[in-house]
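Hi,

Here's the structure I said I'd pass along. Have a look at it first, and my notes on what turned up are underneath.

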Amino acid sequence: MTDAPLLDRIEHRRLALYGSLLVLPSVFMLSLFAFWPTVATLWESLFSKGTVRRPTRFVGVDNYDLLFSDPTFWQVVTNNLLYAGVTIPVSIALALAMALWANAKIPGRAMVRIAYFTPTMLPMVAAANLWLFFYTPDIGVLDRLFGLFGIAGTNWLGQPETALACIILVTIWKEAGFFMIFYLAALQTIPPDLKEAALIEGAGRWTYFRRVLFPLLMPTTLFVMVNALINSVKLIDHLFILTKGGPDNASKLILYWIWEMAFSYFDRPSAAAMTVLVLIVLGIVAIVQFAVLERRIHYR
């Protein structure tokens with residue numbers, strides 16, 4: 001007679017081996033392109049900048065101390081906080097509004113959806129060059145439009161007061177249509193019976209949206225928020241075309257500054273230290289989002 005416990009152990013090991021083989025490609029790719037670069041970046045941030053005459057040496061957290069004492073660091077961080085603080089909520093709110101409209105029973109609904117999604121299909125560099133046509137002093141669309149009302153031309157990208165706002169406007173225009181797709185997909189999964197029941201109970205449109213529709217869209221909102229947060233620290237294409245971080249660092253953001261330190265100033269340890277700080281902050285925010293917010297938005 002065959003030993004049943006022995007067969008169970010053999011089957012369990014076979015399934016464990018099968019599962020390990022399925023996971024192995026993903027683990028290999030993550031290790032090669034995520035885990036190892038993270039460890040290498042952390043290690044490089046602990047060494048000094050090397051030259052031909054003076055090789056690199058271990059300096060511990062000196063690179064981090066230099067960053068915190070650099071006024072440019074605080075200006076870039078402030079720029080990025082302002083950039084994220086405006087683009088994330090405005091893009092999400094605009095995407096939700098566009099999705100509600102594109103999901104409504106209106107004439108030409110397909111054309112409305114295409115018009116909203118078109119900016120998303122444009123490459124980042126192409127979108128930035130398109131907006132140069134709007135921002136060019138005196139001959140750009142904005143100055144021509146304001147000129148009709150007697151308002152003098154403005155160097156939109158050449159003034160510290162307006163440069164970052166121009167970058168923010170381009171980002172919102174580019175990302176709102178992308179986020180709209182997720183909201184539109186979520187709206188189409190909500191049963192219409194809920195709206196009918198709410199109307200029977202005497203709820204108005206705003207009450208239905210606030211008490212029924214928006215809570216059901218919260219998982220989608222969390223997903224969109226995570227993507228918007230990641231996008232807010234990885235913008236670099238627009239800056240190359242529009243401002244290059246200027247004038248006087250007024251529109252310089254974190255990723256552009258990291259690139260500048262690594263490839264313009266050849267200060268890779270400082271760039272690595274800044275990258276580590278960004279990863280730590282994003283990790284903390286991700287923990288808060290998924291450990292705290294996710295428990296409150298999923299209904300069981």
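One cut-off before the rest: I call a residue buried under 20% relative accessible area, exposed over 50%, and partly exposed in between. By that yardstick E11, at 34% relative accessibility, is partly exposed. Also keep in mind that this is a predicted model.

The overall picture: the protein has 13 helices and zero strands, so along the sequence you just read α after α, by the way helices and strands are assigned from DSSP runs. Its radius of gyration is 25 Å, where a compact globule of 300 residues would have one near 19 Å. Along the principal axes, the C-alpha atoms fill a box of roughly 95 × 75 × 30 Å. The protein is split into domain 1 (1–33) and domain 2 (63–296), and the C-alpha centres of the two lie 43 Å apart.

Some totals: 36% of the 300 residues count as buried. The accessible surface is about 18,600 Å², with 70% of that belonging to carbon and sulfur atoms. If you take contacts between residues at least 6 apart in sequence, 67% of them join residues at least 24 apart.

Now the salt bridges. The count comes to three.

- E11 with R14: the side chains meet at 2.7 Å, N to O. Both sit in helix α1, and because they are three residues apart there, about one helical turn separates them. R14 is partly exposed too, at 47% relative accessible area.

- E44 with R268: the closest N and O atoms are 3.2 Å apart. This pair ties together distant parts of the chain, with E44 in helix α1 and R268 in helix α13 (residues 268–297), 224 residues apart. E44 is partly exposed at 25% relative accessibility, whereas R268 is exposed at 52%.

- K252 with E260: here the closest N and O atoms are 2.6 Å apart. K252 counts as buried, at 5% relative accessibility, and E260 is buried as well, at 10%.

Back on the surface, which residues make the nonpolar patch of about 390 Å²? They are Y18, L22, V23 and V27. V27 lies in helix α1, which runs over residues 4–44, and at 39% relative accessibility V27 counts as partly exposed.

If you open just one view, I'd start with helix α1: E11 and R14 pair up within that helix, V27 of the nonpolar patch lies in it, and E44 reaches from it to R268 in helix α13.

Cheers

Definitions and conventions. Residues are numbered from 1 along each chain as its sequence is written. This is a predicted model: local features need pLDDT of at least 70, side-chain atom pairs count only at pLDDT 80 or more; totals for chains, interfaces and linings use all residues. Side-chain values use heavy atoms; hydrogens and water are left out. Patches are made of residues with over 30% relative accessible area and no salt bridge: like charges are joined within 9 Å, nonpolar side chains (Val, Leu, Ile, Met, Phe, Trp, Tyr) within 5 Å. Accessible areas come from the Shrake-Rupley method with a 1.4 Å probe; for residues, only the protein chains shown count as cover. A salt bridge is a side-chain nitrogen of Lys or Arg within 4 Å of a carboxyl oxygen of Asp or Glu. Helices (H or I, at least four residues) and strands (E, at least two) are DSSP runs, numbered from the N terminus. Buried means under 20% relative accessible area, exposed over 50%, partly exposed in between (1.4 Å probe, protein chains only). The radius of gyration is taken over C-alpha atoms; the globule rule is 2.2 Å times the number of residues to the power 0.38. Contact means heavy atoms within 4.5 Å. Domain bounds come from an automatic or database domain assignment.
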